[in-house]
Every structure is written in structure tokens, then in C-alpha cells.
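User: I'd like to learn how to read a structure like this one. Could you walk me through it?

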Amino acid sequence: MIRTWFAHMVLLVALCVYGGSAQAAIAIDVSQDDVPVTTGFNGATVTVFGVQDQPGQIAIVVEGPPRTLVLRKQVMGLWTYTQSQAFHNIPSYYEVASSVPLPTLARENALIENHIGLDYLDFIDMPDNEDTTAPFQEVLFQLQQTRGHFVLEPQAVTYRSPHLFKGQFTLPTT
């Protein structure tokens with residue numbers, strides 16, 4: 001069965017910050033419209049490129065379809081159901097490219113609203129005790145990073161001219 005990454009991938013040029021102008025225009029495209037995922041799929045590189053009518057800072061977010069993951073605590077080599085944590089709306093893939101460090105790109109509420117950066121995603125069912133959530137969240141991020149599904153550090157958006165930009169994303173093997 002052939003699956004296509006971009007059939008289920010959300011590609012979002014998330015935020016452009018222009019010197020006071022909210023009416024700026026932007027046009028984007030990708031180097032590959034489809035990335036066939038077959039039995040021998042070894043990953044792929046996709047380039048997002050675009051033109052903006054005014055110079056400004058930009059972030060590009062590539063986010064796979066959401067899913068629910070439940071992590072359980074392992075005790076003495078056995079998986080038990082005594083402690084678990086459900087995480088909802090986990091992107092199957094998540095990577096950001098930005099022209100500047102995320103904290104300087106926009107205010108925190110804009111980053112949260114546009115899901116720009118792993119620190120600004122909301123996918124946890126908060127239990128009564130936040131102390132029990134932190135270890136599970138740390139393991140979740142480690143697992144997703146090890147699998148290549150979460151890229152923790154934003155990649156750089158590069159400019160070929162003041163108006164022409166590109167970001168490159170490496171999709172992992174499945």
C-alpha cells in the first residue's frame with residue numbers, strides 16, 4: 001500500500017511578522033507534491049520555498065496528522081497499568097523552520113495559537129497531579145525525537161533574497 005506524506009501532512013507557513021503591515025502577501029510551494037511511502041521507504045527531504053512581498057520574519061511548521069498515545073510505566077521489566085498518561089492530538093511528525101529564534105518571532109500567545117514550537121503544543125490530558133505528568137511528557141519527547149518524528153530544534157529558514165525564502169525538512173522512515 002502506498003501512502004503519501006503530504007496527503008495527511010499539514011504544511012503551514014505559520015507566521016509572518018512585518019513591520020506593522022498586516023496585509024503582506026506570501027506564496028509558497030513544495031519541492032515534491034507527493035512523497036510515496038512504500039515498503040522500502042527510507043525517508044525523504046522536502047523543501048518548502050516561497051516569496052513574500054515584504055521583508056519579514058517567518059516560521060514554517062510541518063505537522064503530521066494527530067493521534068493519541070498512551071504511555072505506561074514499566075516496573076521491573078513488566079508493563080503495568082498502574083500508572084499511565086494519555087496524550088491527545090500528538091502530531092505524527094512535527095518540525096519547525098524559522099528565520100529567527102522562536103521567542104523573538106512573536107509573543108507567546110501567537111506561538112501557542114499557531115502551534116509554533118513543541119513548547120507551545122497542547123496535547124496533554126492534565127491529571128490531578130502535574131508531578132506525575134512531567135516524567136511521561138519527557139519520555140514522550142525522547143521517544144518521538146529518537147524516532148525522528150519530533151525535531152526539537154527549529155531549522156533555519158534561509159533567504160536567497162529579501163523576498164525569497166526556503167526551509168528544508170527531512171521526513172523519517174516510518
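Analyst: Let's go from the whole chain to a sheet, a pocket and a few single residues. This is a predicted model, where local features need pLDDT of at least 70 and side-chain atom pairs count only at pLDDT 80 or more, while totals for chains, interfaces and linings use all residues. Residues are numbered from 1 along each chain as its sequence is written, and side-chain values use heavy atoms, with hydrogens and water left out.

User: How many helices and strands are there in the chain?

Analyst: Helices (H or I, at least four residues) and strands (E, at least two) are DSSP runs, numbered from the N terminus. Here the chain has four helices and twelve strands.

User: And how much of the chain is buried?

Analyst: Buried means under 20% relative accessible area, exposed over 50%, and partly exposed in between (1.4 Å probe, protein chains only). In this chain of 174 residues, 37% count as buried. The accessible surface is about 10,300 Å², and carbon and sulfur atoms hold 52% of that; such areas come from the Shrake-Rupley method with a 1.4 Å probe, and for residues, only the protein chains shown count as cover.

User: What do contacts tell me here?

Analyst: Contact means heavy atoms within 4.5 Å. Take the contacts with a separation of 6 or more: 72% of them are between residues 24 or more positions apart.

User: How do I read a sheet?

Analyst: Strands of a sheet pair through backbone hydrogen bonds, either parallel or antiparallel. Two strands pair if DSSP finds at least two bridges between them. One open sheet here has four strands in the order β3-β5-β12-β11, with antiparallel pairing. β3 (26–30) and β11 (158–159) are at the edges with a single partner strand each, so one side of each has no neighbour in the sheet.

User: Which residues face each other across those strands?

Analyst: β3 pairs with β5 (residues 44–52) over five bridges. Along that pair, Asp29 is opposite Phe49, and Ile26 has Gln52 as its bridge partner. On to the next pair: β5 and β12 (residues 164–171) are antiparallel and joined by eight bridges, with Gly50 partnered by Phe165 of β12.

User: Is strand β6 mostly covered or mostly open?

Analyst: Mostly covered: six of the seven residues in β6 (57–63) are buried. β6 also pairs with β9, antiparallel, through five bridges, one of which matches Val61 with Val96.

User: What lines the second largest pocket?

Analyst: The search runs on a 1 Å grid over the protein atoms alone: a pocket is an open set of points where a 1.4 Å probe fits, with protein on both sides within 12 Å along at least five of seven lines, and lining residues have an atom within 4 Å of a point. Grid points are joined across faces, edges and corners, and a volume is the space filled by probe spheres set on the points. The second largest pocket holds about 210 Å³. It has 14 lining residues, and those closest to its centre are Leu102, Leu118, Asp119, Leu152 and Pro154. β9 (94–98) and α2 (102–105) are the elements giving two or more residues to that lining, and β9 gives the most, with three.

User: Which classes of residue make up that lining?

Analyst: Ala, Val, Leu, Ile, Met, Phe, Trp, Tyr, Cys and Pro count as nonpolar, Asp, Glu, Lys and Arg as charged, and the others, Gly among them, as polar. The lining has ten nonpolar, one polar and three charged residues.

User: Can we zoom in on single residues?

Analyst: Sure, start with Gly117, in the loop between α3 (108–113) and α4 (130–146). Gly117 has a relative accessibility of 5%, so it counts as buried. Beyond neighbours within four places in sequence, Gly117 touches Tyr94, Val96 and Leu102. Its C-alpha is 7.3 Å from that of Leu102, 15 residues away in sequence.

User: Where does His115 lie, and what about its phi?

Analyst: His115 is in the loop between α3 and α4. Its phi is positive, about 55°, although His115 is not a glycine. With 36% relative accessibility, His115 is partly exposed.

User: Is Asn89 buried or exposed?

Analyst: Asn89 is in strand β8 and counts as exposed, at 53% relative accessibility. Asn89 also has a positive phi, about 60°, without being a glycine.
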